[in-house]
Structure formats: C-alpha cells, structure tokens
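Got the viewer open? Let's take a walk through this model together, one selection at a time.

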Amino acid sequence: MFKTPITILTVALSGITPLIADTTADAPPPSQEEIFDVQKIWNIHLSFTLENWEAMEPKAGPRLGRRPNRSFLTGPEGGRNGIAAVLGYEFPEVHATLEFDDHHFHDVSVRYKGNGTFLSSRESLKRSFKIDLNDYVKGQRLAGISQINLHNSVRDPSHMNEPLAYKLYRDARIPSPRTAYARLYITVPGKYDRKYFGLFNMVEDVGPPFVKANFEASDGALFKPVTSNLFSDMGSEWSDYKQTYDPKGKLSEEQANRLIATCKFFSESSDADFAARVSDYVDLDNFARYLAITVWLSDMDGILGPGQNYYIYLHPTSNKFMFIPWDQDQSFGQFPRGSQEQREQLSIHKPWNESNPFFEKMFEVKPFKSRYLAALKDINETIVQADQISQLIRELANILGEPVGEESADRLAELNKAASGETITTIMTGGRSRLIETKPIKMFIPRRQASIGDQIAGRSQGVTTDRGSRRRR
C-alpha cells in the first residue's frame with residue numbers, strides 16, 4: 001500500500017460522518033470515512049464459477065426505436081435507461097464471492113454497468129462493475145455499504161475527474177458521492193487466476209445510506225431521470241412517468257403524485273404564478289449551487305445536454321426536489337459536445353444545449369437567477385483554487401502511477417500527460433469506437449475561470465454549444 005503523505009488531499013476529499021453497520025468480514029470493518037479515502041488503494045478480488053462468468057456477459061437484444069414523448073436514451077419499460085439499454089444490451093446479475101482487502105463475502109451479486117463507458121470498453125476486460133452485497137444475503141454490508149461501484153475510467157485516463165469534480169460539488173454544499181480507488185483482481189477457474197484487471201474508481205452509491213447521511217432522512221423518494229426537458233407534462237398516470245424518472249425504490253402514492261403535480265405545474269402555470277410558486281416545488285438554493293458547479297465544469301453529458309447522469313431527491317419534510325450529481329468522468333469540459341473552445345467559454349446565461357423549456361423557464365425567475373449567479377461568482381473566486389487543485393493532481397498522480405502502470409505503459413503515459421497538463425487521448429463510441437483528444441483538468445481550469453470571471457463582469461457573453469453557434473463577445 002502506498003504510504004506517500006497527502007494530508008491536503010485527505011482533508012480535501014474526505015467528507016461525511018461514517019455510518020457503521022454489520023459486516024460479514026473476518027476483521028473489524030473500516031468506517032465509511034476510511035473506505036472513501038483516496039490515500040488508500042483497496043484490493044478487491046472477485047471469484048466466479050465459469051458458468052456465472054459466462055452468464056454475466058451482456059446480452060444484446062433488439063435496438064429500441066424512437067418513441068413519442070420519450071428521450072432517445074429511455075430504455076425498455078422496467079429496464080435500465082441509457083444508450084447501452086437503447087442498443088439492446090442487458091446486464092445479467094450473477095453470484096460471486098468478494099474479498100475486500102481482509103473482508104470476505106461469500107455470496108454477492110455482480111453485473112457490468114455503464115452506458116458509454118461500457119460501449120467504449122466492451123471489447124476489453126476492463127469494464128465497469130456493480131457489486132451488491134445485500135442482493136442474495138439480506139443485511140450483508142460493509143460499514144453500512146451494500147453496493148460498490150467500480151468505474152473503469154476508460155474515458156478519463158487520469159482517473160481524477162470524478163474525485164475532483166465531486167470535491168467541488170461538496171465544497172459547494174451539494175450532497176455528492178465520495179470516491180476511492182481499487183485494484184481489481186478476477187478469478188475464474190480454468191480462465192483467470194487472480195488476474196489483475198486494472199485500477200478502478202470506487203464511487204459511493206447514491207442509495208439509502210447516502211440519502212440518510214446527506215439528507216438526515218430515509219423516507220424521501222429518489223429518482224434518476226432521463227429527459228432533455230425535466231418536469232414536462234407527460235400525462236396523468238404514474239405509468240406515463242415511471243420509466244423516464246426511474247425511481248430508486250418503492251414510491252408511495254403521494255410521492256408519485258407529487259412528481260406528476262410538479263410536472264403539471266411546470267407545464268401549465270402562468271409566468272407570474274410560476275415565479276411566485278416554483279420555490280414550493282424545487283429547492284432553489286440547492287439547485288442554484290448544483291447548476292453553478294455543473295456549468296462551471298461544462299458538464300455537457302448531463303442535465304445541460306441529453307438530460308442524464310444526475311439524481312433528484314424529493315425531501316420528505318420540505319416536499320421539494322433537490323439535485324445530486326452523478327457520472328463525472330467527463331467533467332471539466334471533456335465531453336465532446338461542441339468544440340473545446342465552446343466548452344471553455346460556455347455561456348453562464350444559456351449553458352444548455354439547443355432548446356430546453358425547463359431551463360428557459362427557470363432562468364426567467366429572478367430569485368433563482370440571482371442565487372445561481374451569486375453561487376457561480378463564489379465558486380469561481382473561492383471554491384476553485386487552481387494552485388490547490390494542481391497540487392491534488394500531482395499527489396494523485398504519484399499514488400496512481402504504479403497501479404496504472406501495471407495495466408499498460410500506454411495507460412501510464414496518458415496518466416502522466418494528464419497530470420502534467422498535456423492533451424490526452426480518450427476513447428469514445430457512438431456505435432463504433434474512436435479516439436479523440438481532450439484537454440485535461442490543468443489546462444481547462446484557468447481558461448474556464450477567466451471566461452466565467454469575464455462573463456460575470458459583463459466583459460463577455462460566452463458561447464453556446466448549439467449547432468451552428470458562433471463566438472459572441
């Protein structure tokens with residue numbers, strides 16, 4: 001295990017008081033704070049029977065066509081959403097055993113996960129995994145954690161985008177997943193004998209333990225929407241909304257009706273009524289700060305673009321919706337929507353892609369717009385510290401070099417380029433894989449910081465990523 005002291009890194013990326021729960025491990029379990037500590041690189045070993053390993057291979061079914069009143073990323077009814085689901089891929093869950101360092105779990109469920117990252121890695125061994133300790137053995141947990149997400153970072157050679165993006169969200173007081181790293185080993189008799197599959201980002205699951213720790217409530221409703229027009233009227237029955245809003249857990253009738261009522265309100269209220277009452281439906285402080293960080297990061301693979309990769313939480317006390325970030329592996333302007341310059345200069349007044357009634361309506365509400373601009377100014381001037389982030393990048397590169405180098409010399413070379421601020425090569429797919437060049441965090445930060453400062457001061461209007469858009473000064 002690496003012993004390099006990184007006090008600044010540990011303080012910057014730690015976050016939330018841990019929850020302690022039962023575990024079937026052989027030794028006293030670590031706390032959640034210890035688990036999600038980027039100074040540690042955990043060793044995870046999954047063992048499968050040959051039959052289960054083969055059964056886990058994603059099955060490609062028929063490709064879904066476009067459906068009225070649905071996003072192009074909406075999956076089959078009752079299934080997953082996202083591009084992989086639309087292309088017909090299903091991810092079967094199978095039995096496996098898990099060793100998490102010294103902690104042993106003899107029956108866990110494992111499946112592949114991801115959409116674009118899966119498509120970009122489907123011809124390789126290094127795919128993202130979801131491990132569920134509680135699926136087959138109820139109550140089986142590690143320090144209160146029942147699900148482990150292992151992200152392959154094939155689109156982020158630095159392995160740093162998620163830890164640093166989530167850090168900024170947390171610094172902006174937005175509940176966000178914590179991260180750590182893990183070496184993953186796989187055993188399949190007759191095929192792999194504790195084979196090293198590579199270094200993975202281990203990302204905290206947005207589920208009941210996360211909700212309880214961050215919102216001090218366990219009886220709210222969690223959704224993972226896929227829509228480019230959030231809170232639009234889709235009908236009067238919950239069945240009209242269920243697949244699009246993808247609830248995580250059982251909903252009460254009141255919670256389902258609250259989401260429908262919110263969609264009706266957004267679609268039917270007059271401008272004056274909307275401005276007067278939107279704060280009854282959306283937590284404006286939370287959404288302003290969430291959106292401010294999202295815009296600062298030029299995250300065009302989420303709510304600003306196709307409308308995915310975030311959660312909304314209906315708080316049981318306020319009865320308002322709150323926002324939680326997800327899937328930040330191509331933040332810091334690295335998702336190739338628009339040009340690199342457009343993402344660096346992205347408008348703070350019209351950051352969304354093309355027409356979006358949800359944003360267009362929200363940005364006409366002065367109490368929200370003023371909160372959002374104030375949050376952006378605060379983030380740009382106080383939360384984003386280029387020198388500190390550069391130091392964190394150097395510290396992480398020092399930690400990650402050895403396990404990444406064990407994967408391949410090419411992966412190590414890309415990590416070193418990213419850490420030093422050189423252009424890096426990432427894998428993208430839209431049905432077929434291709435290599436693209438992107439600018440790493442160290443190159444993006446000063447340019448984005450200057451652009452936002454100029455826009456806040458009125459020296460620039462920024463640019464949009466709309467098709468055919470041109471630079472505006």
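Start by selecting Gly-307 and showing its surroundings. Leaving aside residues up to four places away in sequence, Gly-307 touches Pro-225, Val-226, Thr-227, Ser-228 and Gly-302. Keep in mind as you click around that this is a predicted model. Zoom out a little and you'll see that Gly-307 sits in the loop between helix 11 (284-296) and strand 11 (310-314). Is Gly-307 buried or exposed? Its relative accessible area is 0%, so Gly-307 counts as buried. Now add Asp-466 to the selection: Gly-307 and Asp-466 are 159 residues apart along the chain, and their C-alpha atoms are separated by 15 Å.

Next stop: helix 17. Select residues 441-456, which make up helix 17. You can try a little check here with the distance tool. With 1.5 Å a residue, these 16 residues should span 22 Å, and the end C-alpha atoms are indeed 22 Å apart, so the two values agree. Now colour the buried residues of helix 17: Ile-441, Met-443, Phe-444, Ile-445, Arg-448, Ser-451, Ile-452 and Gln-455. While you look at them, remember that an α-helix has 3.6 residues a turn, so residues three or four places apart point the same way. What do the buried residues of helix 17 pack against? Show helix 6 (161-171), helix 11, helix 12 (340-344), helix 14 (366-383) and helix 15 (386-407), and you have the packing partners on screen. Before moving on, click Gly-458, just after helix 17, where phi is positive at about 85 degrees.

Now for a strand. Select residues 41-47, which is strand 1. Six of its seven residues are buried, so strand 1 is largely enclosed by the rest of the structure. Bring up strand 8 (residues 179-188), which pairs with strand 1 in the parallel sense over seven bridges. Within that pairing, Ile-44 stands opposite Leu-184. Then show strand 4 (residues 94-100), which runs antiparallel to strand 1 and is joined to it by four bridges. Here Leu-46 has Leu-98 as its bridge partner.

Last stop: the second largest pocket, with about 440 Å³ of space. To find its centre, select Ser-124, Val-154, Glu-407, Arg-411 and Ile-427, which lie nearest to it among the 24 lining residues. Elements giving two or more residues to this lining include helix 5 (116-121), strand 9 (192-203) and helix 16 (409-420). Colour the lining by type and you get eight nonpolar, seven polar and nine charged residues.

Definitions and conventions. Residues are numbered from 1 along each chain as its sequence is written. This is a predicted model: local features need pLDDT of at least 70, side-chain atom pairs count only at pLDDT 80 or more; totals for chains, interfaces and linings use all residues. Side-chain values use heavy atoms; hydrogens and water are left out. Buried means under 20% relative accessible area, exposed over 50%, partly exposed in between (1.4 Å probe, protein chains only). Contact means heavy atoms within 4.5 Å. The expected span of a helix is 1.5 Å times one less than its number of residues. Two strands pair if DSSP finds at least two bridges between them. On a 1 Å grid over the protein atoms alone, a cavity is a set of points where a 1.4 Å probe fits but cannot get out, and a pocket is an open set with protein on both sides within 12 Å along at least five of seven lines; lining residues have an atom within 4 Å of a point. Grid points are joined across faces, edges and corners, and a volume is the space filled by probe spheres set on the points. Ala, Val, Leu, Ile, Met, Phe, Trp, Tyr, Cys and Pro count as nonpolar, Asp, Glu, Lys and Arg as charged, and the others, Gly among them, as polar.
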